[in-house]
Amino acid sequence: MKRNLLGVAVLGFGLLSAAVPVFAHHAVSAEFDRNKPITFTGTVKQVEWMNPHIYTQIEAKDASGKSVVYEVEGGAPNALFRQGWRATTLKAGEVVNVTGSRAKSETSFRVGNATITKADGTKVFGGAAAAANQQ
């Protein structure tokens, strides 16, 4: 009887441990401030297509004219893939326009809730990033 109880306890602990990462996912509002909108045009430096979100490094000029690299958070790769986007949708050297929300930290160059618009008008991550980030 004790062995069965121990087995059930171990199984229960294992199931609970497996569920913890689900609760660890952050809300958009934890890192980004919707009251700090940002819009800029820049050049794609790199696209990091990995879980839990993709990140696009975009070099642009800040308000003072200094060159900075913004890290734009996108949606989950699986969600974007199902919507037709691929790791090659944005290419290094491509000029894009970005709208989104700045990070709460004044020293951070991260951007969330972003829509990246390509030169041909195609919107990448528009809505998909916001929907994926809300989960």
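**View 1. Residues 127-135, a stretch of low confidence in the predicted model.** In this predicted model, pLDDT stays under 50 over residues 127-135. The model nevertheless has 25 contacts for residues 127-135 beyond four places in sequence. Another such stretch is residues 18-25, where pLDDT also stays under 50. For residues 18-25 the model has 4 contacts beyond four places in sequence. Over the protein chain, the mean pLDDT is 79, and 70% of the residues reach 70 or more.

**View 2. The protein chain and its order of elements.** The protein chain holds 4 helices and 6 strands. Read from the N terminus, the elements follow the order α-α-β-β-β-α-β-β-β-α. The chain has 135 residues, of which 36% count as buried. Among contacts with a separation of 6 or more, 56% join residues 24 or more positions apart.

**View 3. The largest nonpolar core.** This core has 19 residues. Phe-40, Val-72, Val-98, Val-111 and Ile-116 are those with the most contacts inside the core. At least two residues of the core come from each of these strands: S1 (32-48), S2 (55-61), S3 (67-73), S4 (95-103) and S5 (110-118). In soluble globular proteins, nonpolar side chains tend to be buried together.

**View 4. Val-111 and the residues around it.** Val-111 lies in strand S5 and is among the residues with the most contacts inside the largest nonpolar core. Val-111 counts as buried because its relative accessibility is 0%, and buried means under 20%. Neighbours up to four places away in sequence are not counted in the contacts that follow. Val-111 touches Phe-32, Ile-38, Phe-40, Tyr-70 and Val-72, including these among its contacts. Glu-71, Glu-73, Val-98, Gly-100 and Ser-101 are also in contact with Val-111. One of these partners, Tyr-70, is 41 residues from Val-111 in sequence. In space, the C-alpha atoms of Val-111 and Tyr-70 are 6.9 Å apart.

**View 5. The largest cavity and its lining.** A search of the whole structure finds 1 cavity of 30 Å³ or more. The volume of the largest cavity is about 30 Å³. Its lining is made up of Val-47, Trp-49, Ile-54, Arg-86, Ala-87, Thr-89, Leu-90, Val-124 and Phe-125. By type, the lining residues divide into 7 nonpolar, 1 polar and 1 charged. Rolling a probe the size of a water molecule over the atoms shows where empty space is left.

Methods. Residues numbered from 1 in each chain as written. Predicted model: local features only at pLDDT ≥ 70, side-chain atom pairs only at ≥ 80, totals over all residues. Heavy atoms only, no water. Core = buried A, V, L, I, M, F, W, Y, C linked by side-chain atoms within 4.5 Å. Buried < 20%, exposed > 50% of the residue type's maximum accessible area, 1.4 Å probe, protein only. Contact = heavy atoms within 4.5 Å. pLDDT = per-residue confidence, 0-100. 1 Å grid on protein atoms, 1.4 Å probe; cavity = no way out; pocket = protein on both sides within 12 Å on 5 of 7 lines; lining within 4 Å. Points joined across faces, edges and corners; volume = space filled by probe spheres on them. Nonpolar A, V, L, I, M, F, W, Y, C, P; charged D, E, K, R; others polar.
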